[in-house]
Amino acid sequence: MNKLEELFQLEFQSEAGGVSRFHCKTDAGHPLFAGHFPGMPIVPGVCLLNVVKRAVSQKLDREVSFWKIRECKFLSAINPMENKVFDIEFGLTGEQEVRAAVFIGDTRCMKLKATLSCEWKDI
């Protein structure tokens with residue numbers, strides 16, 4: 001397991017109506033937060049993208065990557081000292097597109113629309 005994978009622990013929660021939900025626990029003591037940012041840590045956007053990709057990969061039971069990100073908006077910062085857990089919801093369409101969101105409670109922190117890698121199309 002690499003250092004980035006140690007940052008979050010993913011746990012599958014549920015699936016209903018084609019939407020999968022994962023619970024994510026953040027290691028607030030991870031060394032990444034010492035530099036991003038000292039005194040006011042936030043979870044970097046690229047780390048949120050990575051954990052969404054991991055959740056999709058876990059659900060599909062195969063490694064995926066984002067081939068094209070059509071939309072990605074970071075709506076609210078996640079401070080790992082104040083919010084050690086968050087949820088990921090996503091759905092997949094027949095055209096290999098994933099639509100995902102990251103939530104703290106009812107607050108949407110990130111939304112994403114992306115096309116999965118070409119390897120996915122060969123399944």
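**Exercise 1.** Describe the hairpin of β1 and β2, and state which residue in it takes a positive phi.

*Solution.* The hairpin has two residues between its strands, and Gly17 takes a positive phi near 60°. Strands here are DSSP runs of E with at least two residues, helices are runs of H or I with at least four, and both are numbered from the N terminus. Next, β1 (residues 8–16) and β2 (residues 19–26) pair in the antiparallel sense over eight bridges, where pairing requires that DSSP finds at least two bridges between two strands. Finally, Ala16 stands opposite Val19 in β2.

The model is predicted, with local features needing pLDDT (the predictor's confidence in each residue, from 0 to 100) of at least 70 and side-chain atom pairs counting only at 80 or more, while totals for chains, interfaces and linings use all residues. Residues are numbered from 1 along each chain as its sequence is written, and side-chain values use heavy atoms, leaving out hydrogens and water.

**Exercise 2.** Work out which parts of the chain the salt bridge of Asp87 and Arg21 ties together, and whether each residue is buried or partly exposed.

*Solution.* A salt bridge places a side-chain nitrogen of Lys or Arg within 4 Å of a carboxyl oxygen of Asp or Glu, and the side chains of Asp87 and Arg21 meet at 3.0 Å, N to O. Asp87 lies in strand β4 and Arg21 in strand β2, so the pair ties together parts that are 66 residues apart in sequence. Buried means under 20% relative accessible area, exposed over 50%, and partly exposed in between (1.4 Å probe, protein chains only). Asp87, at 13%, therefore counts as buried, whereas Arg21, at 23%, counts as partly exposed. Arg21 and Asp87 are also linked with Glu89 in a network of salt bridges.
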